[in-house]
Amino acid sequence: MTAADTQAAGPPVSVPSAPEEIGTSPSKQDAAGPRPKKRRKKGELLPYFLILPAILAIAAVYVYPLIKTVIMSFQDLGRAALWGNGEAPWVGFEQFTNILGDPEFWSVTGRTVVFMTICVVLTMGIGLLIALMMLRVSTWVRLVLTVALIAAWSMPLMVAASVFRWLADSDYGLINTLLADLTGDEGWLGHNWFLDPWQGFGIITLLVVWGAIPFVVITMYAALTQVPKELEEAASLDGASAFGVYRFVTWPVIRPVFTMVATLSVIWDFNVFGQIWLLRGNKPEPDYETLGLYSFSKAFESTSFSQGSAIALITVLMLSGVAVYYLRQLIKTGEVE
């Protein structure tokens, strides 16, 4: 090839390399059309159909009554309107202002809080002590104790209330007989525990705590079995006392479970109704009224259904903070995703 031919041909032209096809460009995607929809696997919706009856039952039992309670609390619902013979006028927040301005409501609220606090402290304290004891007894003693706890837990409330009414009976009660024998004072025979509200609430507290302890014991014992024995033995070898081992090794492990059980106990004991109702012969005196009984009394004895609904709604709002705290504890322990 001569020099003239080289000049005529010119410099070589570089051919662009083909781009790396990492993915499909938008233009190619448009040309290829939309991606096919992902097909559902067979049986993917089956779990939702299985829980649908439970969801409908919960909605019927809880959601609808709650909505109806909210509506009634903003009305002035009387007996005639309840049976469909008239219309209930809307009164806005009048029911709430009347209740919150009533000193009796705050007296009942304070009584409820004190009663709930005593019940929760006794239940959690005694339950935790029994659970710790179950770790140190023999297998057959633990088995007998577990059966006894389950039997007490499964006893119907009406039967348990009847037993405690007999125990505290003024004429034939076992408590009065034992106190008379132990103290030698015959004055205990014929003593009526329910004449004094403080003593009466003591008997009611015994019934509430007795019925709640089995759940606490079984739950806390299950939590205690998850504490690594190696850590407790290592702490003991390092010179830690029994209390030190419990404080720095055992307690951090069982604390989330203890907190959740205590939160549930607060909700349950705040709403105690049946124990007081049955022990007082279905006619509790005003000194024995907690918020649940106070709401029932306003709604059905005073035929002020809207006030009863408003008190119930205020109680729900009071417990909503406890419920939120309980859900947060569940999330922290990984029970709720």
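Throughout this tour, a residue is buried under 20% relative accessible area, exposed over 50%, and partly exposed in between, with a 1.4 Å probe and protein chains only.

**Before you start**

What you have open is a predicted model, in which local features need pLDDT of at least 70 and side-chain atom pairs count only at pLDDT 80 or more, while totals for chains, interfaces and linings use all residues. Residues are numbered from 1 along each chain as its sequence is written, and side-chain values use heavy atoms, leaving out hydrogens and water.

**The whole chain**

Start with a cartoon view. The chain has 15 helices and zero strands; these are DSSP runs numbered from the N terminus, with H or I over at least four residues for a helix and E over at least two for a strand. Of the 337 residues, 32% are buried. Now turn to contacts, meaning heavy atoms within 4.5 Å. Among those between residues at least 6 apart in sequence, 65% join residues at least 24 apart.

**Stop 1: H6 and H12**

Select residues 103-134 for helix H6 and 242-270 for helix H12. Their axes come within 10 Å and cross at roughly 140 degrees. An axis here is a line fitted to C-alpha atoms, for helices over the stretch in contact, and angles run from 0 to 180 degrees between N-to-C directions. That angle makes H6 oblique to H12, since angles under 35 degrees count as roughly parallel, over 145 as roughly antiparallel, 65 to 115 as roughly perpendicular and the rest as oblique. The crossing of H6 and H12 is right-handed; that label applies if the near helix is turned clockwise from the far one by less than a right angle, and left-handed if anticlockwise.

Now show side chains. Among the contact residues on H6 are Phe-115, Met-116, Cys-119 and Leu-128, and those on H12 include Tyr-246, Phe-258, Ser-265 and Asp-269. The contact of H6 with H12 divides into 15 nonpolar residues, two polar and one charged. In this count Ala, Val, Leu, Ile, Met, Phe, Trp, Tyr, Cys and Pro are nonpolar, Asp, Glu, Lys and Arg are charged, and the others, Gly among them, are polar.

**Stop 2: H6 and H7**

Keep H6 and add helix H7, residues 139-154. These two axes also come within 10 Å, crossing at roughly 150 degrees, which makes H6 roughly antiparallel to H7. This time the crossing is left-handed. Look for Ile-130, Met-133 and Met-134 in H6, which meet Arg-142, Leu-145, Thr-146 and Leu-149 in H7. The contact of H6 with H7 has five nonpolar residues, one polar and one charged.

**Stop 3: across to H10**

From Met-134, go to Ile-218: the two are 84 residues apart in sequence and 9.7 Å apart in space, C-alpha to C-alpha. Ile-218 lies in helix H10 and is partly exposed, at 30% relative accessibility. Not counting residues up to four places away in sequence, Ile-218 touches Ile-150 and Trp-153.

Next, select H8 (157-167) with H10 (197-224), which pack at an angle of about 140 degrees, their axes 11 Å apart. That makes H8 oblique to H10, and their crossing is right-handed. Ala-160, Ala-161 and Phe-164 of H8 meet Ile-203, Leu-206, Leu-207 and Trp-210 of H10. The contact of H8 with H10 consists of seven nonpolar residues, with no polar and no charged ones.

**Stop 4: the loop between H13 and H14**

How many salt bridges does a search of the whole structure find? There is one, between Arg-280 and Glu-285, whose closest N and O atoms are 2.8 Å apart. A salt bridge here is a side-chain nitrogen of Lys or Arg within 4 Å of a carboxyl oxygen of Asp or Glu. Arg-280 is buried at 18% relative accessible area, whereas Glu-285 is partly exposed at 30%.

Select Asn-282 too, in the loop between H13 and H14. Most residues other than glycine have a negative phi, yet Asn-282 has a positive one of about 65 degrees. Asn-282 is partly exposed, with a relative accessible area of 39%.

**Stop 5: H14 and beyond**

Finish on helix H14, residues 291-301, where the buried residues include Leu-291, Tyr-294 and Lys-298. What covers the buried residues of H14 includes H6, H12, H13 (274-279) and H15 (305-332). After H14 comes Thr-303, with a positive phi near 50 degrees.

Your last selection is Ser-304, in the loop between H14 and H15. Ser-304 is buried, with a relative accessible area of 18%, and touches Lys-298 and Ala-299, not counting residues up to four places away in sequence. Ser-304 and Asp-76 are 228 residues apart in sequence and 8.0 Å apart in space, C-alpha to C-alpha.
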